[in-house]
Amino acid sequence: MTKAVATRDAYGEALLEVGKKYDNVVVLDADLSKSTKTYDFSKTYPERFFNVGIAEQNLIGISAGLAASGKIPFASTFAMFASGRAFEIIRNSLAYPKLNVKVCATHAGITVGEDGASHQSLEDIACMRAIPNMTVIVPADGVETKAAIHAIAEYHGPVYVRLGRSAVPTINDENSYKFEIGKGVVLKEGKDVTIVATGIMVSKALEAAEALAAEGINAEVVNIHTIKPIDKELIAATAKKTGAIVTAEEHNVVGGLGSAVAEVVVESSPVPMRKVGTMDTFGESGKPEELLTKYNLTAAAIAEAVREVLKQKK
Amino acid sequence: MVDYKALQDIATTIRRDIIEMLHAAGSGHPGGSLSAADILTVLYFHEMKIDPQNPKWEDRDRFVLSKGHAAPVLYAALAEKGFFPKAELGKLRKVDAMLQGHPDMKGTPGVEMSTGSLGQGFSASLGMALAAKLDHKASRVYTLLGDGELQEGLVWEAAMAAAHFKLDNLTAFIDLNGLQIDGPNEVVMGVAPVADKFRAFGWHVVEIDGHKLEEIVAAIEKAKETKLKPTLILAHTVKGKGVSFMENAVGWHGNAPKKEDADKALAELGGAR
């Protein structure tokens with residue numbers, strides 16, 4: 001693993017690249033450009049940047065109109081406000097008419113930290129993946145973020161990208177990593193159990209697999225960066241192969257990655273499962289690392305869930 | 001010279017189509033469709049640069065029906081203009097039909113934005129106006145809001161932004177017919193004084209009788225002459241306009257006419273077909 005980078009920082013860099021590549025990329029923000037990292041784009045391409053003020057519904061509505069006129073809007077604010085406050089505008093003005101808007105939401109999850117529960121979005125994956133026509137992407141590191149931003153700029157349709165505030169370890173190789181929307185990545189082959197993770201929990205899943213190896217447990221690790229459309233083939237195959245699954249996400253266990261994986265598994269190859277995530281609760285203020293520990297979003301929690309699920313495996 | 005007689009005939013045809021399609025559909029919104037018929041007549045048959053043969057023509061003007069429940073008036077205008085066959089009107093709101101209860105831009109030629117959830121079309125129209133500015137196009141963007149719609153918070157987010165971005169290529173009409181589902185606006189939730197509110201938000205405001213074609217035409221001309229400000233055309237209208245028993249009757253907001261009422265309405269609008 002190399003240096004730690006926040007996915008929002010990688011997003012800011014990627015925006016400059018896609019902005020250079022495509023004249024019709026425009027960026028919108030709701031008074032958070034320095035936090036969401038759209039700021040550099042706003043300085044480089046001021047004529048293609050629109051700050052709508054603290055008005056997230058209008059952020060999405062204006063983006064819809066720009067897309068209807070052929071632009072590729074990247075709309076950014078915090079995940080809480082994008083997926084929550086603007087939910088219905090995303091549903092009716094973006095997804096229903098399948099408009100080409102990329103909602104890139106930062107400060108997702110409990111690692112928002114000190115700002116506390118009001119700003120810690122733990123429901124956004126659930127909300128966004130319930131909408132028809134939506135693509136939902138949760139990058140694991142900076143490398144994957146950049147690759148994803150390039151991929152969604154080429155893809156035509158509405159996308160929700162979930163980005164984080166805090167730095168995360170880089171697990172993918174910048175030079176060789178290939179990103180494909182809807183295709184999961186097997187990061188480590190194994191045969192006893194599969195850990196399916198997304199976002200910041202992917203590096204923790206790898207850590208957990210290492211710890212489990214010392215106990216003689218050979219875990220497969222799968223990165224599901226696209227929650228929707230989910231890679232059904234890969235999930236069904238790995239469930240069949242290892243016979244047990246643990247999911248890991250920085251999100252409520254209701255409706256997120258764990259639910260999405262379970263939906264696939266029960267219809268293809270039912271196996272025992274455990275879900276690591278926040279247990280249907282709100283967060284609180286604290287340092288990100290402290291909160292991850294308190295809410296059991298750690299490699300140790302994943303390893304423990306693996307030991308539990310293996311007891312149930314036939 | 002504008003041929004007002006011809007426009008008046010088109011407005012009547014649109015009103016007849018509204019009655020006929022709502023009767024056939026068995027549900028829908030006659031009141032707010034009839035009140036907007038004259039505005040849409042002027043936009044589609046006098047003002048807007050559009051091409052029914054090429055609905056996605058890049059340099060076209062755009063109209064967004066933000067009060068999406070008035071879909072029948074939009075569909076009647078689009079069909080009359082030739083965007084799709086009039087036979088479609090008879091299938092409104094039926095399963096497998098092209099014409100949805102509220103406008104669907106993916107399925108219906110000439111519909112610029114999917115609307116129905118109030119406030120959202122207005123917000124989207126700003127994006128279209130910004131895109132036209134970015135591309136240095138002369139395209140103009142028109143949108144129509146209901147008066148009850150003004151109670152949505154998003155309307156005021158968009159009103160603030162349109163003035164901030166100096167969208168002088170954007171013209172918003174408000175169909176000020178005074179009634180919403182639960183009763184008069186001023187009883188349900190007062191929206192007055194609308195003109196003052198928009199002026200305070202930085203808009204150029206023109207007040208007209210929304211049923212006088214000459215006033216609608218003149219107001220649009222004033223909007224086009226206005227630089228650096230979006231224009232609001234506050235159109236005083238009568239809900240259910242043109243059908244005596246529907247006029248100013250709140251019960252006709254969301255009820256389709258049955259045969260007897262449809263026949264009566266069509267008789268008032270120039271005889272049975």
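**Close-up 1. K311(A), a lysine on helix α13 of chain A.** In this predicted model, K311(A) belongs to α13, the helix that runs over residues 299-312 of chain A. Is K311(A) buried or exposed? It counts as exposed, because just 8 C-beta neighbours fall inside 10 Å, and the cut-off for exposed is 12 or fewer. Also worth a look here is A244(A): 67 residues separate it from K311(A) in sequence, yet the C-alpha to C-alpha gap is 9.9 Å.

**Close-up 2. V306(A) and the nonpolar core.** Which residues have the most contacts inside the largest nonpolar core? They are I195(A), A205(A), I302(A) and V306(A), in a core that counts 194 residues. This core lies between domain 1 (2-170) and domain 2 (185-312) of chain A, because both of them give residues to it. Zooming in on V306(A) and skipping its neighbours within four places in sequence, you find it in contact with V193(A), I195(A), A208(A), L212(A), I217(A), A219(A) and V246(A).

**Close-up 3. Where the two domains of chain A meet.** The domain assignment splits chain A into domain 1, residues 2-170, and domain 2, residues 185-312. Their C-alpha centres sit 25 Å apart. For the contact itself, domain 1 of chain A puts in 27 residues and domain 2 of chain A puts in 31. On the domain 1 side, the elements giving two or more residues are α7 (124-129), β6 (135-137), α8 (142-154) and β8 (167-170) of chain A. Sorted by class, that side of domain 1 comes out as 14 nonpolar, 8 polar and 5 charged residues.

**Close-up 4. Helix α8 of chain A, up close.** This is one of the elements on the domain 1 side of the domain contact. How many residues does α8(A) have? It has 13, and the first C-alpha lies 19 Å from the last, close to the 18 Å expected at 1.5 Å a residue. The helix is largely enclosed by the rest of the structure, because 10 of its 13 residues are buried. Starting at the front, the buried set takes in G142(A), V143(A), E144(A), T145(A), K146(A), A147(A), A148(A) and I149(A), and then I152(A) and A153(A). Note that E144(A) and K146(A) are on that buried list too.

**Close-up 5. Chain B against chain A.** Here 21 residues of chain B and 23 residues of chain A make up the contact. On the chain B side, α5 (120-134) and α6 (153-164) are the elements that give two or more residues. The largest share comes from α5(B), with 11 residues. By class, this side of chain B has 12 nonpolar, 6 polar and 3 charged residues.

**Close-up 6. Helix α3 of chain B.** Why is α3(B), residues 37-47, described as largely enclosed by the rest of the structure? Because 9 of its 11 residues are buried. Those are A37(B), D38(B), I39(B), L40(B), T41(B), V42(B), L43(B), Y44(B) and E47(B).

**Backdrop for the chain A views.** Chain A holds 13 helices and 14 strands, and its C-alpha atoms fill a box of roughly 60 × 40 × 35 Å along the principal axes. Of its 314 residues, 61% count as buried. The radius of gyration is 19 Å, which agrees with the value near 20 Å for a compact globule with 314 residues. Among chain A contacts with a separation of 6 or more, 80% join residues 24 or more positions apart.

Notes:
Residues are numbered from 1 along each chain as its sequence is written. Chains are lettered from A and ligands numbered from 1 in the order in which they are written. This is a predicted model: local features need pLDDT of at least 70, side-chain atom pairs count only at pLDDT 80 or more; totals for chains, interfaces and linings use all residues. Domain bounds come from an automatic or database domain assignment. Two residues are in contact if their C-beta atoms, placed from the backbone, lie within 7 Å. Helices (H or I, at least four residues) and strands (E, at least two) are DSSP runs, numbered from the N terminus. Ala, Val, Leu, Ile, Met, Phe, Trp, Tyr, Cys and Pro count as nonpolar, Asp, Glu, Lys and Arg as charged, and the others, Gly among them, as polar. A nonpolar core is a set of buried Ala, Val, Leu, Ile, Met, Phe, Trp, Tyr and Cys residues joined through C-beta atoms within 7 Å. A residue is buried if 20 or more other C-beta atoms lie within 10 Å of its own, exposed if 12 or fewer, and partly exposed in between; C-beta atoms are placed from the backbone. The radius of gyration is taken over C-alpha atoms; the globule rule is 2.2 Å times the number of residues to the power 0.38. The expected span of a helix is 1.5 Å times one less than its number of residues.
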